[in-house]
Amino acid sequence: MAVGLTEYATGKYGWLKNRKPRPPLNQLILSIFYHVTSVRRATRALNELKRAFVDWNEVRVSHPAEVAGVLSSAPWAMEGAERLVWLLRELYEVHNRTNLDFLAELTPAQARTCLKRLSTVPRDVADEVLLLSLDVPVLPCSAAAARMSHRLGLLPDDRATVKNQRALAKAFEDDAYAPVHLFFCDYADKLCLPEEPLCERCPLGRMCVTRR
Ligand code: SF4
């Protein structure tokens with residue numbers, strides 16, 4: 001199963017080995033949008049915001065409706081904009097700045113702790129920033145990723161525990177963590193739903209033993 005998932009993920013997103021890492025705050029903002037829309041639309045949203053606003057401080061002092069208006073009229077844009085403005089305001093309150101470049105000076109554990117001090121940043125989102133911005137070989141394990149991994153037979157249960165995160169990481173090559181994570185962002189949250197998974201749209205449906 002891990003091989004099939006890796007093949008699908010690398011086919012869709014590439015191996016992402018030579019990508020230029022984004023600044024940590026840009027990645028964190030992207031992570032906010034990953035959770036409300038697809039990876040493709042989230043990336044476009046980040047670029048639209050960078051074009052429309054002078055910097056993240058300008059976004060911080062803007063009304064969420066104004067931020068959403070730059071993105072889309074779809075409901076995900078308003079949800080993402082509200083989360084983003086909240087995050088930037090909290091970041092400013094906690095760290096008195098609107099960047100996270102200082103994370104690069106810290107150890108991965110220190111950087112994770114620092115990110116988790118923000119109320120909107122759970123462990124899996126902090127790990128997403130470590131992986132995709134700071135190039136730390138860690139595979140994030142959200143509740144949705146744990147649920148999908150369990151259904152695919154990759155985990156013994158569906159809990160997003162540190163133990164399961166380690167077990168999931170062992171199932172994949174380090175090099176594949178970035179595309180595998182993007183796969184979970186696109187499919188675990190949006191298709192592998194807790195009650196009624198949308199199996200007919202799942203790209204791994206043919207390999208899934210629990211397909212409904
Ligand atoms: S086939 Fe259904 S249950 Fe299996 S991983 Fe896909 S969405 Fe989840």
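1. Of the 212 residues in this predicted model, 51% count as buried. The accessible surface of the protein amounts to about 10700 Å², and carbon and sulfur atoms contribute 50% of that surface.

2. As to secondary structure, the protein contains eleven helices and zero strands, so that, read from the N terminus, the order of elements is α-α-α-α-α-α-α-α-α-α-α. The radius of gyration is 17 Å, close to the 17 Å that the globule rule gives for 212 residues, and the protein is therefore as compact as a globular protein of that length.

3. On overall dimensions and contacts, the C-alpha trace spans about 50 × 40 × 30 Å along the principal axes of the protein. Among contacts with a separation of 6 or more, 62% are made by residues that lie 24 or more positions apart.

4. Turning to charge, the protein carries 29 positive and 25 negative charges, and the mean position of the positive charges lies 3 Å from the mean position of the negative ones.

5. One residue may be considered individually: Arg41 is located in helix α3, which covers residues 39–52. With a relative accessible area of 34%, Arg41 is partly exposed, because this value falls between the 20% under which a residue counts as buried and the 50% over which a residue counts as exposed.

6. Arg41 can also be placed relative to Leu30, from which Arg41 is separated by eleven residues in sequence, while the distance between the two in space, taken from C-alpha to C-alpha, is 9.9 Å.

Terms used: Residues are numbered from 1 along each chain as its sequence is written. This is a predicted model: local features need pLDDT of at least 70, side-chain atom pairs count only at pLDDT 80 or more; totals for chains, interfaces and linings use all residues. Side-chain values use heavy atoms; hydrogens and water are left out. Helices (H or I, at least four residues) and strands (E, at least two) are DSSP runs, numbered from the N terminus. Buried means under 20% relative accessible area, exposed over 50%, partly exposed in between (1.4 Å probe, protein chains only). The radius of gyration is taken over C-alpha atoms; the globule rule is 2.2 Å times the number of residues to the power 0.38. Contact means heavy atoms within 4.5 Å. Accessible areas come from the Shrake-Rupley method with a 1.4 Å probe; for residues, only the protein chains shown count as cover. Lys and Arg count as positive and Asp and Glu as negative; His and the chain ends are not counted. The place of a charge is taken as NZ of Lys, CZ of Arg, CG of Asp or CD of Glu.
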